[in-house]
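I opened a fresh notebook page for this one, and I kept the entries short. Here is what I looked up, in the order in which it made sense to me.

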Amino acid sequence: MLKVLPRTLKVIYGQSTEILASQAFDAAGNPPARPAGSDIAKPSRPAPFARRDLPVLGITLGMPVAEAKKALLESLKDSSPVILDTAKYEYSLASAACVRETKAMRQELRNLESTLQQAAVNACREESESLSARHQCKRGDLSEGDQQVVADRKQALVAALSPECHPQAQTFQIVAGVEVEYADDLVDRIFIFSSPHPDHADKIVAISRVLRDKKQVVDFRTELAKRFGEVTFPVTPRKGEIVYWFETPEGHDRIIENAEFRESCSLGTPWPVDLQGSGINDRRFTAACGRYAAARDTDDDHRLLVIDTDYTHVIAEQRAASVRAVEEKKPAKVKF
């Protein structure tokens, strides 16, 4: 009599193989009948991780601005960080016309500061009774009164900017930037961003980091994996490919399993931040894909962006609604 061996049914799910059941076939080679209406269900995939915050030097998305600045400096206190003048980077990806307007505005403010500083020096010299005392009169910090003069003038100049160049026409606002030089010609630059929009003010919505590493002494991706955990996409990245970590297990699974959703999130090249790390191309983030970290290695540097695309989606929708409102107000026909 022929002995029938049990067969094993396997289902491949993701990268794992799970044995669902062992079924002994009868002498005719038929499997045992299943109850009516029953079926083999796809096993639920266990959550790969609990919700993760994707921290960068103690900073996380949604953190209050003051707390984020404090955390950044605290994390780097033993590394002699240089605080960057964020005004130089405010309009990194603005249009050419906006660059000209804002450049002229900043130049006028610098000229005003210089004039006020020189006026203070002249007043000091006039009040000095001796030549040696006059030599001590040098340019320094503006007085509180002069600082207010500059602040008032800046407010007036910003109000006079073209609508598309106004800070609130932007999606991101740089609130802090630091640079640190390490051994082996490593230079680390970090920018943190909040929103210029009142409804989203005082919260961190993006973090950018550029680590210049021409000697390739830092295994950047490995260090990030230690902090962020399992990579979301791609599972086996090629050299130079952008790697993503999504904040929630739901977002993680959706990116892996839903190609249409993944496509809508515009993952992949080109890198959405300028070479300095200060200008984020907000037109790349119009879909609500949640919070995630993206990293890319090049021959010269390592780049990291942590971003809240649910926030950028809201701003993109508001901008589109504003454009539609303007179009609707335009006359439909040309008058002759």
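**Entry 1: an odd backbone angle**

I started at L57, which is partly exposed with a relative accessible area of 22%. I was drawn there by its phi, which is positive at about 50° although L57 is not a glycine. Most residues other than glycine have a negative phi. L57 sits in the loop between β2 and α1.

I then went on to S80, another non-glycine residue with a positive phi of about 50°. S80 belongs to the loop between α1 and β3 (82-83). Is S80 buried or exposed? I found it exposed, because its relative accessibility is 60% and the exposed class begins over 50%.

**Entry 2: how far to trust the model**

This is a predicted model, so I checked confidence before going further. The chain has an average pLDDT of 80, and 80% of the residues reach at least 70. Residues 1-26 stay under 50, although the model gives them 37 contacts beyond four places in sequence. Residues 28-32 are also below 50, with five contacts beyond near neighbours in sequence. I noted to myself that predicted coordinates should not be read in detail where pLDDT is low.

**Entry 3: the overall count**

How many helices and strands does the chain have? I counted eight helices and nine strands. Of the 336 residues in the chain, 35% are buried. I also looked at the contacts with a separation of 6 or more: 60% of them join residues 24 or more positions apart.

**Entry 4: the nonpolar cores**

The largest nonpolar core holds 29 residues, and I59, I192, I204, I207, W245, L304 and V306 have the most contacts inside it. I listed the elements that each supply at least two of its residues, and they include α1 (65-75), α5 (220-228), β4 (173-182), β5 (186-194) and β9 (301-308). A separate core of 27 residues lies apart from it, with F172, I174, I242 and A294 among its members. As a reminder to myself, nonpolar side chains tend to be buried together in soluble globular proteins.

**Entry 5: a glycine and its partners**

G62 is in the loop between β2 (16-23) and α1. With a relative accessibility of 26%, G62 is partly exposed. Which residues does G62 contact beyond its neighbours within four places in sequence? I found K203, I204 and R291. I204 was already on my page as one of the residues with the most contacts inside the largest core. I also paired G62 with D308: they are 246 residues apart in sequence, yet their C-alpha atoms are 8.6 Å apart.

**Entry 6: helix α6 and I255**

Next I turned to helix α6 (residues 249-257), whose buried residues are P249, G251, H252, D253 and I255. They pack against β7 and α7 (259-264). I picked I255 for a closer look, and it is buried, with a relative accessible area of 0%. Setting aside residues up to four places away in sequence, I255 touches T232, F233, F246, F261, R262, C265 and L267. I noted the C-alpha separation of I255 and F233 too: 7.4 Å, for two residues 22 apart along the chain.

F233 led me to a cis peptide bond, which joins it to P234 with an omega of about -15°. P234 is placed in the loop between α5 and β7. For context, most peptide bonds are trans.

**Entry 7: the cavities**

I ended with enclosed space, and I found two cavities of 30 Å³ or more. The largest has a volume of about 60 Å³. Its lining includes I242, Y244, W271, P272, Y292, A294 and L305. By class, that lining comes to nine nonpolar residues, one polar and one charged. I242 and A294 were familiar to me from the core of 27 residues.

What volume does the second largest cavity have? I read about 40 Å³. Its lining is made up of S264, C265, S266, R284, F285, T286, A287, C289 and T309. I sorted these into four nonpolar, four polar and one charged. S266, R284 and F285 also line the largest cavity, and C265 is one of the residues that I255 touches.

How values were computed: Residues numbered from 1 in each chain as written. Heavy atoms only, no water. pLDDT = per-residue confidence, 0-100. Contact = heavy atoms within 4.5 Å. Core = buried A, V, L, I, M, F, W, Y, C linked by side-chain atoms within 4.5 Å. Buried < 20%, exposed > 50% of the residue type's maximum accessible area, 1.4 Å probe, protein only. Helix = DSSP H or I, 4+ residues; strand = E, 2+ residues; numbered from the N terminus. 1 Å grid on protein atoms, 1.4 Å probe; cavity = no way out; pocket = protein on both sides within 12 Å on 5 of 7 lines; lining within 4 Å. Points joined across faces, edges and corners; volume = space filled by probe spheres on them. Nonpolar A, V, L, I, M, F, W, Y, C, P; charged D, E, K, R; others polar.
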